[in-house]
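Please open the structure in your viewer and keep the selection tool at hand. The tour below goes from one selection to the next and says what is found at each stop.

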Amino acid sequence: MDQSIALGTEKESKLLLRFSLPCIFSLIISCLYNIVDQIFVGNGVGYLGNAATGVVFPITVVGWAVSLLFGDGAAAVLSMSLGQGKTKNIHRTVGNSILGAFLGGCVIIGISYLSGDALFLNLGATDATLSLTHDYGFIIFAMMPLALVQNALAAIIRADGSPKYAMGAMLAGALLNIVGDPIAIYWLDLGIKGAAYATILGQFVSFLICAAYLGRSRSFRIRPDSFRPSGKCLTEVMALGTSSFLTQLSIVIITVVNNILLVQYGAVSPYGADIPLAAFVVIMKLFQIVLNIAIGIAAGAQPIVGFNYGAKHYDRVKTLLKLILQWTTGVCVICTLLFEAFPLLFIRLFGADGELYTQFAVLCLRIYLSAILFTCVQKGCAIFLQSIGRAKAAAPLSVLRDALLLILSLIIPHFWGVTGIFWAAPIADVLSMAVTAWVMFRLWQELSQNQNA
């Protein structure tokens, strides 16, 4: 069956499973780059090594955000164009998105290298972690332009109807990283530098595989003029990619602010400055895994939702929304139960240096991840709005939870100390979910009216 026909006629649950599973695995594999580093560094270097990778983490997320600005934006344009039968200029959309991601990576490299250690200190590095942070970060930054292009291409490849190819590209790089970490850290005795080298090697291989897809794409053919800058193409892509960009950028802001607050309030607590920061890094990795599963469900549905909305199949769009919410809820309920019942198991996975660290990390994991269901549903709804071209609604909704979290993180610690930083998360989750529910109820009514028109 032709791919476009299948998107408009095949059973919605079957389509969602086919597209979402590879997308989920691709996003989880992306997480593995940092998480695998975290596990091997935590066990081989210690919790100070984990804290160091946590300082670099916001910069890598900025890169991820830029790649999604162009990649998810291009994927949304591509999907809706296919639904409307307008495929003539898709190659320009893809070419401009690749160019934008590459140049964005170059800008990040320039700023990071020119800022030097001052950047790390502003992101929460301490005297104990600065040297480790420098060693890790300056290697990671070198691959930024190609890593961003690879991330953008993965979204485009999924929208082009080849989610398994995108997953395979990510998997190849992740496996290299997993194998390379212990070899570089332990056998070659490179320490935290070894983790960084293994990471960029995996990213480069994934880039090569994604770039090779451009010679076999289904709905477009890349030509030299595809890369000629077009204000119209870039504006359309960036408008629809803004929601994904802001979602990731808000994570950066929250991480940076929390790093600084954890050092500040931790220094006057029994735990010291480094234990809260190291615990937060581990908790954020677990948070990212669950969040990426939820994002994978919604982002995997994007080509199907965009096609059917463009083709005015509103009944199928509503069915897909219900499935996205049901699947997300199921995953998050299971994860929440596991986190609350077995927190020590997850903490020890990343290394546990001392009883004081373990005690603090277990307590804060249970607090921070207690309402992750609401976070994931809220982010999934923002992606759904992006998929149907509602950029003006998707953008503010994508950052609502994190904006509330930022405000609460600045206020609550005044009363509850360092643990108050972690309590801010579930409170923000509940408040943002209330607003999201109202927005999505209005959208459901609109879809029902369009369906009956």
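Of the 146 residues in the largest nonpolar core, which touch the most other members? In this predicted model, the residues to select are Y368, L369, F384 and F422, which have the most contacts with other members of that core. Next, colour helix 11, residues 274-310, since the largest share of the core, 23 residues, comes from this helix.

Stay with L369 and display its surroundings: leaving aside residues up to four places away in sequence, L369 touches I283, L286, F287, T336, F339 and E340.

Now move to the loop between helix 11 and helix 12 (314-341), where K312 lies. The phi angle of K312 is near 65°, a positive value in a residue other than glycine, and K312 is exposed, with a relative accessible area of 61%.

For the last stop, select helix 6 (residues 130-140) together with helix 9 (residues 192-213), which pack at an angle of about 15° with their axes 8 Å apart. Because angles under 35 degrees count as roughly parallel, helix 6 and helix 9 are described as roughly parallel to each other, and their crossing is right-handed. To see the contact itself, show L132, D135, Y136, I139 and I140 on helix 6, and I192, K193, A195, A196, Y197, T199 and I200 on helix 9. Coloured by residue class, the residues of this contact between helix 6 and helix 9 divide into nine nonpolar, one polar and two charged.

Note on methods. Residues numbered from 1 in each chain as written. Predicted model: local features only at pLDDT ≥ 70, side-chain atom pairs only at ≥ 80, totals over all residues. Heavy atoms only, no water. Axes fitted to C-alpha atoms, helices over the stretch in contact; angles between N-to-C directions. Helix = DSSP H or I, 4+ residues; strand = E, 2+ residues; numbered from the N terminus. Parallel < 35°, antiparallel > 145°, perpendicular 65-115°, else oblique. Left-handed = near helix turned anticlockwise from the far one by under 90°. Contact = heavy atoms within 4.5 Å. Nonpolar A, V, L, I, M, F, W, Y, C, P; charged D, E, K, R; others polar. Core = buried A, V, L, I, M, F, W, Y, C linked by side-chain atoms within 4.5 Å. Buried < 20%, exposed > 50% of the residue type's maximum accessible area, 1.4 Å probe, protein only.
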